[in-house]
Amino acid sequence: MRTHARAVVIGGGVVGVSTLYHLARKGWSDSVLVERRELTSGSTWHAAGLLPLFNLSYSVGQIHKYSVALYGTLEQESGLDVGLRKVSNIRLARTRDRMDEYHYYAGVAATIGVTVKFLTPQEVKEIWPLCNVDGIIGAIQHPEDGYIQPADLTQALARAARERGAEINRHTTVIAIERRPSGEWKVATDKGDIVCEHVVSATGNFARATGRMVGINVPVIPVQHQYIVTEAHPEIVARKAKGLPEMGVLRESDSSWYMREEAGGLLLGPYEKGAPACYVDGPSADSEYELFPEDLDRLAPHIETAIARVPAFGEAGVKKVYNGAIAYTPDGSPIVGPAPGLKNFWLNEGHSFGVTAAGGAGWQLAEWIVDGEPTIDMLGVDPRRFGAYAETGYLIEKNEEAYARVFTVHYPDEERVAARPLRQTPCYGRMKALGAVFGSIYGWERPNWFAPLDYALSEADLAKPDVLLNENHPAVGPGERPREKWSFRRSNYFDFVGAECRNVHDNVGLQDMSAFAKLEVSGPGAEGWLNSILTNRIPKAVGRVTLTYLLTSRGGVRAEFTLTRIAPERFYLVSAGALEAHDFDTMEKLLPADMSVRIDKVTTQRGVLVLAGPRSREVLSKVADIDVSNQAFPWLTARRLSIRSAGLIAMRVNFVGELGYELHHPIEMQNTIFDALMAAGAVFGIKPFGIRAMDSLRLEKSYKLVGRELSIEYAALESGLERFVDFDKGPFLGRDALVTWCGKGFENKIVTLEVQGVSDADARGSEPVTKDGVMVGRTTSGGYGWRTGKSLALAMVKPELSNIGSEVDVRILGETRRAVVVPDSPYDPKNAALRQ
Ligand SMILES: Cc1cc2nc3c(=O)[nH]c(=O)nc-3n(C[C@H](O)[C@H](O)[C@H](O)COP(=O)(O)OP(=O)(O)OC[C@H]3O[C@@H](n4cnc5c(N)ncnc54)[C@H](O)[C@@H]3O)c2cc1C
């Protein structure tokens, strides 16, 4: 065994071996993999081998697409048959909501370059004659999709990695991992130590145990998953004898199961409610090729629907039931990227579709490790999308929920209910009493919108066809009735959100944005360091506020901050709540070694109330102890003030495009401030507003969000950040790359679109944008603007189509809508409301 390596990959399942292969392919042939038993002896050996391309996440979708393409080439490279069968995959639909989901997905797939075909029930019957198509209203098919033999795939990747010089050590267990003063890692195994620059943890069900070796909490706990294999069925055997093609993978999404042919019989895999979390403290030390006892009772409702759909399934005897551990995370997506707080320690964990994801996840992780950046936006799988709140109890509840919801319709406005309410701000109860319907972000409860106090959906509103698992409304407490219905279209809360927007525009609104991530950066080196990493010039005067960006070394956008100088050597940085761990970790890893700068995370110490609307100054002036006139407290400045006895920092900025203030206060004083504002605001018509109103209002201002319009895949100037990038202030991270990018020209340009002819379905983001039927871009956000009365979208398009007045088409839920490029900020383009 090598004693020194560039990288050590821990874990010889399909994910670890793919990572090793990709590292070797990028030239890091002096990399080593260690596996405690045999390759594939964790979860990989018993996987059903399906390769579902279907995924609504842009990151995961691209990862899956790459995998399927790679697996098709591996036999040639390694000389080993991987058992790839591109038999295609059909997903059935019984409801209009499901068809909406498929249409939305088909748009995402088109922007990624994945082929999706729509089928009629009759076409399904032709491909899958054993399927009863009663009640089916349509289906989609992925012609490129199919299944593979997971163990053979792993062996092929292993051979290809070895041939490129990488080393694989089986029967070698990592027992400790230590950081040496030099910054290198020492990976201690039962066969000796390996010193290396980088460590990759790809340990499947052992992820938390591996994390504990380096003091991190990896948010992965597996859930049990079963599939049933039947004896051969005469009809399938007869089909084979006639040389007919395999019928492919069939998914009855609305009954939550998959089925495919297996050795003349059928294989059924349900995703049921009530599947328990397992290996909470990790598998036992001698765990190998481990299965749990079968529990068919849990699957009974799914077996029934499977027999109704494919009667042959009920006619063949059960040959074997596999019940194995499948790694899960709270949102069901894997964890691929840097470990928070540790340099050169990487995670490739939490894979619930690991056979499908292994190729793409290994590829992007290798790009990240070797080149310092991935090439696709990985925010959807970034390990830092979870925070310290994601502890054991939370993981059990959320991961079981994620498993049970694999097949439910993934509405864009879905809000899952497990492990809630978790993080509550002090005004939670007050907001609830005002009718708040909450969403959850990064564990925080945050009002999405406000329902009238006596409002609830009727039975007729909730009526839905016979669907086993799909609920298009959230579960509620005992005695309560649901107040919102999820949809891909404008739903029941649409008009209520409109009323909130109008009140912010006409009067004044109050919003709880305490979930914002908040950092303080201080010290003698703080200004110089911030200037060296952020795009905008750091303000000289205390009390000045600026918007600034952290770029990647390639000039893409990694993070956005509202930065305020609060003292000569102290800066206050506010960013998106969901990105707290991501932004903090990225900044911390960039800190200079000379100890001249420190970062403090103050998220949970400070609450934020947003007061916005034309009457907001009048409200504030009634309660503040300072002059808040435009002269004394202009736009883009911050002031310390007191409201009653509570001291706070008020910033004249907001994300809705009206006169307004963000009030950053000690969190324990929130209700004092809240009550004072509500009392003072009563005569001015103050009302609370939620995230959905904010999203509509920000769209009308063409304000951008990280993960949507801003991404590592787009140059900051493609995303329209010219005003916030100061090329003259001296070097900063990403500047040189941007200059080079300017020289070679841009491939995209962000635009604001007015979408015409919309009646009930606005763009949501990720819809394809076409010109004369040819793809020219994708939307990044969309919705209805209540102040402008327009359906709007933000989109990345080819620069030649970015001129005002250019006409393109946006495909929304299968319908083509004409869209026109309009000037940015359709509402108040001169920012008069903000400056007044
Ligand atoms: C019943 C079932 C059916 C499934 N069907 C599918 C499917 O159809 N399609 C699909 O894409 N996915 C499927 N999956 C999921 C799939 O099996 C997993 O996502 C995938 O195998 C994960 O691979 P991995 O490499 O991350 O983990 P594993 O295969 O579990 O590999 C992790 C390895 O790390 C090793 N290890 C751990 N700790 C150490 C240590 N300290 N030192 C050295 N080695 C260590 C372990 O021994 C293990 O071999 C299924 C899962 C189940 C349970």
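Contact means that heavy atoms lie within 4.5 Å. The exercises below apply this term to a predicted model.

**Exercise 1. Describe the surroundings of Asp 809: in which strand is its place, and which residues is it in contact with, leaving aside its neighbours within four places in sequence?**

Step 1. Locate the residue. Asp 809 belongs to strand β34, which covers residues 807-812.

Step 2. List the contacts. Once neighbours within four places in sequence are set aside, Asp 809 is in contact with Pro 768, Val 769 and Thr 770, and also with Thr 816, Arg 817 and Arg 818.

Step 3. Look for a polar contact. The side chains of Asp 809 and Arg 818 are joined by one of 3.0 Å.

Step 4. Classify the exposure. A residue is called buried when its relative accessible area is under 20%. Asp 809 has 13% and is therefore buried.

**Exercise 2. Determine where Leu 813 is found and what sign its phi has.**

Step 1. Leu 813 is in the loop between β34 and β35 (815-822).

Step 2. Phi of Leu 813 is near 50 degrees, which is a positive value in a residue other than glycine.

Step 3. The relative accessible area of Leu 813 is 9%, so the residue is buried.

**Exercise 3. Carry out the corresponding analysis for Tyr 279: which loop holds it, and is it buried or exposed?**

Step 1. The loop in question runs between β13 (265-270) and α8 (296-309).

Step 2. Although Tyr 279 is not a glycine, its phi is positive, at about 50 degrees.

Step 3. Tyr 279 counts as buried because its relative accessibility is 14%.

**Exercise 4. Identify the residues that surround the ligand most closely, and describe the polar atom pairs.**

Step 1. Begin with the shell. The ligand is surrounded by 35 residues, and the closest are Glu 35, Thr 44, His 351, Gly 354 and Thr 356.

Step 2. Sort the shell by class. It holds 15 nonpolar residues, 18 polar residues and two charged residues.

Step 3. Assign the shell to elements. At least two of its residues come from each of α1 (14-25), β10 (223-230), β14 (318-326) and α10 (354-371).

Step 4. Examine the atom pairs. In the side chain of Thr 44, an N or O atom is 2.5 Å from an oxygen atom of the ligand. For Gly 49, a backbone N or O atom is 3.0 Å from a ligand oxygen atom. A polar backbone atom of Val 174 is 3.0 Å from a nitrogen atom of the ligand.

Step 5. Consider the cover. On its own the ligand has 1000 Å² of accessible area, and the protein covers 98% of this.

**Exercise 5. State how many residues the largest nonpolar core has, and examine Leu 157 within it.**

Step 1. The largest nonpolar core has 83 residues. Those with the most contacts inside this core are Tyr 71, Leu 74, Tyr 105, Ile 148, Leu 153, Leu 157 and Leu 753.

Step 2. Not counting residues up to four places away in sequence, Leu 157 touches Val 14, Val 17, Ser 18, Tyr 21, Leu 70 and Leu 74.

Step 3. Another core, of 35 residues, lies apart from the largest one; Val 199, Ala 207, Val 214 and Ile 221 are among its members.

**Exercise 6. Compare the settings of Ser 616 and Ile 236: in which helix is each found, and is each buried or exposed?**

Step 1. Ser 616 has its place in helix α17 (residues 616-623), whereas Ile 236 is found in helix α7 (residues 234-241).

Step 2. Ser 616 is at 0% relative accessibility and therefore counts as buried. Ile 236 is buried as well, because its relative accessible area is 0%.

Step 3. Residues up to four places away in sequence are not counted here. Ser 616 touches Val 508, Leu 611, Leu 659, Gly 660 and Tyr 661. Ile 236 touches Leu 130, Met 247, Glu 261, Gly 264, Gly 265 and Leu 266.

Step 4. A polar atom in the side chain of Ser 616 is 2.7 Å from the backbone oxygen of Gly 613.

**Exercise 7. Determine where Pro 421 is found and describe the peptide bond that leads to it from Arg 420.**

Step 1. Pro 421 is in the loop between α11 (392-404) and α12 (428-433).

Step 2. The peptide bond from Arg 420 to Pro 421 is cis, and its omega is near -10 degrees.

Terms used: Residues are numbered from 1 along each chain as its sequence is written. This is a predicted model: local features need pLDDT of at least 70, side-chain atom pairs count only at pLDDT 80 or more; totals for chains, interfaces and linings use all residues. Side-chain values use heavy atoms; hydrogens and water are left out. A nonpolar core is a set of buried Ala, Val, Leu, Ile, Met, Phe, Trp, Tyr and Cys residues joined through side-chain atoms within 4.5 Å. Buried means under 20% relative accessible area, exposed over 50%, partly exposed in between (1.4 Å probe, protein chains only). A residue is near a molecule or strand if one of its heavy atoms lies within 4 Å of it. A polar contact is a pair of N or O atoms within 3.5 Å; within protein, one must be able to donate a hydrogen and the other to accept it, and residues adjacent in sequence count only if both atoms are side-chain atoms. Accessible areas come from the Shrake-Rupley method with a 1.4 Å probe; for residues, only the protein chains shown count as cover. Ala, Val, Leu, Ile, Met, Phe, Trp, Tyr, Cys and Pro count as nonpolar, Asp, Glu, Lys and Arg as charged, and the others, Gly among them, as polar.
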